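Reader: I should like to request a close reading of a single part of this model, followed by an account of how that part sits within its surroundings. Please take the interior as the point of departure.

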Amino acid sequence: VISMDLFPKYQEKEIKATKTASEEMWQLNKDLWDVHEVLEKGYDCSTSKRKPNILERCIRKGKFIFKAVVVDCGDYYQLIHFGKFGYKRR
């Protein structure tokens with residue numbers, strides 16, 4: 001039996017997205033599996049103090065940094081923001 005997971009999982013919880021976050025991903029030609037990769041392989045990059053149940057993680061790809069912001073909703077993670085910004089060496 002092949003298990004088809006519709007949503008990728010991070011720490012045993014499904015990753016889902018708000019409508020706004022879905023549109024942000026769509027504009028960047030990304031999907032929830034890309035978000036999964038940022039959560040799994042990225043680093044913590046919160047620039048401001050977030051609530052304890054909010055994760056902000058980034059991953060560098062070439063000249064860009066991709067950021068995923070998710071809320072731990074207990075049974076699943078809700079993506080509330082997905083962005084891409086230029087990377088400049090200081």
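What volume does the largest cavity have?

Author: The model is a predicted one, and the largest cavity in it has a volume of about 50 Å³. The structure holds one cavity of 30 Å³ or more. In general, rolling a probe the size of a water molecule over the atoms shows where empty space is left.

The lining of the largest cavity is made up of K30, D34, E37, V38, I59, K61, F66 and F82. Two elements, α2 and β4, each give two or more residues to this lining. The greatest contribution comes from α2, with three residues. The account may therefore proceed from this helix to the sheet, and α2 touches β1, β2, β3, β4, β5 and β6 as it packs there. The direction of α2 makes about 95° with that of β4.

The sheet itself is open and has six strands, in the order β1-β2-β6-β5-β4-β3, with mixed pairing. Its edge strands are β1 (9–10) and β3 (43–44), each of which pairs on one side only. A second helix, α1, also packs on the sheet, where it touches β2 (13–17) and β6. The direction of α1 makes about 40° with that of β6. As a general matter, strands of a sheet pair through backbone hydrogen bonds, either parallel or antiparallel.

The strand pairs can be taken in turn, starting from β4, one of the elements that line the cavity. Strand β4 (residues 54–61) runs antiparallel to β5, and eight bridges join the two. Within this pair, E56 stands opposite V69 of β5, and K61 has F64 of β5 as its bridge partner. Both K61 and F66 belong to the cavity lining. The hairpin of β4 and β5 has two residues between the strands, and G62 takes a positive phi near 65° there.

Strand β5 also pairs with β6, in the antiparallel sense, over nine bridges. Here A68 stands opposite F82 of β6, and F82 is one of the residues that line the cavity. Three residues lie between the strands in the hairpin of β5 and β6, in which G74 takes a positive phi near 95°. Seven of the nine residues of β5 are buried, so this strand is largely enclosed by the rest of the structure.

V71 offers a particular view of β5, the strand in which it lies. With a relative accessibility of 16%, V71 counts as buried. Not counting residues up to four places away in sequence, V71 touches N53, I54, Y76, Y77, Q78 and I80. V71 and K84, by contrast, are 13 residues apart in sequence and 19 Å apart in space, C-alpha to C-alpha.

The nonpolar interior brings several of these elements together again. The largest nonpolar core has 15 residues, of which V35, L79 and F82 touch the most other members. Two or more residues of this core come from each of α1 (19–27), α2 (32–41), β5 (64–72) and β6 (76–86). Of these, α2 gives the most, with four residues. Thus F82 is named both among the core residues with the most contacts to other members and in the lining of the cavity. As for L79, leaving aside neighbours within four places in sequence, its contacts are K16, A17, T18, A21, M25, V35, A68, V69 and V70.

On the other side of β6 in the strand order stands β2. Strands β2 and β6 run parallel and are joined by four bridges, with I15 having Y77 of β6 as its bridge partner. Next to β2 in the order is the edge strand β1. Two bridges join β1 to β2, which run antiparallel, and K9 has E14 of β2 as its bridge partner.

The hairpin formed by β1 and β2 has two residues between its strands. In the loop between these strands lies Q11, which has a positive phi of about 50° although it is not a glycine. Q11 counts as partly exposed, at 48% relative accessibility. E12 is found in the loop between β1 and β2 as well, and its phi is near 70°, again a positive value in a residue other than glycine. The relative accessible area of E12 is 73%, and E12 is therefore exposed.

Conventions: Residues are numbered from 1 along each chain as its sequence is written. This is a predicted model: local features need pLDDT of at least 70, side-chain atom pairs count only at pLDDT 80 or more; totals for chains, interfaces and linings use all residues. Side-chain values use heavy atoms; hydrogens and water are left out. A nonpolar core is a set of buried Ala, Val, Leu, Ile, Met, Phe, Trp, Tyr and Cys residues joined through side-chain atoms within 4.5 Å. Buried means under 20% relative accessible area, exposed over 50%, partly exposed in between (1.4 Å probe, protein chains only). Contact means heavy atoms within 4.5 Å. Two strands pair if DSSP finds at least two bridges between them. Axes are lines fitted to C-alpha atoms, for helices over the stretch in contact, and angles run from 0 to 180 degrees between N-to-C directions. On a 1 Å grid over the protein atoms alone, a cavity is a set of points where a 1.4 Å probe fits but cannot get out, and a pocket is an open set with protein on both sides within 12 Å along at least five of seven lines; lining residues have an atom within 4 Å of a point. Grid points are joined across faces, edges and corners, and a volume is the space filled by probe spheres set on the points.
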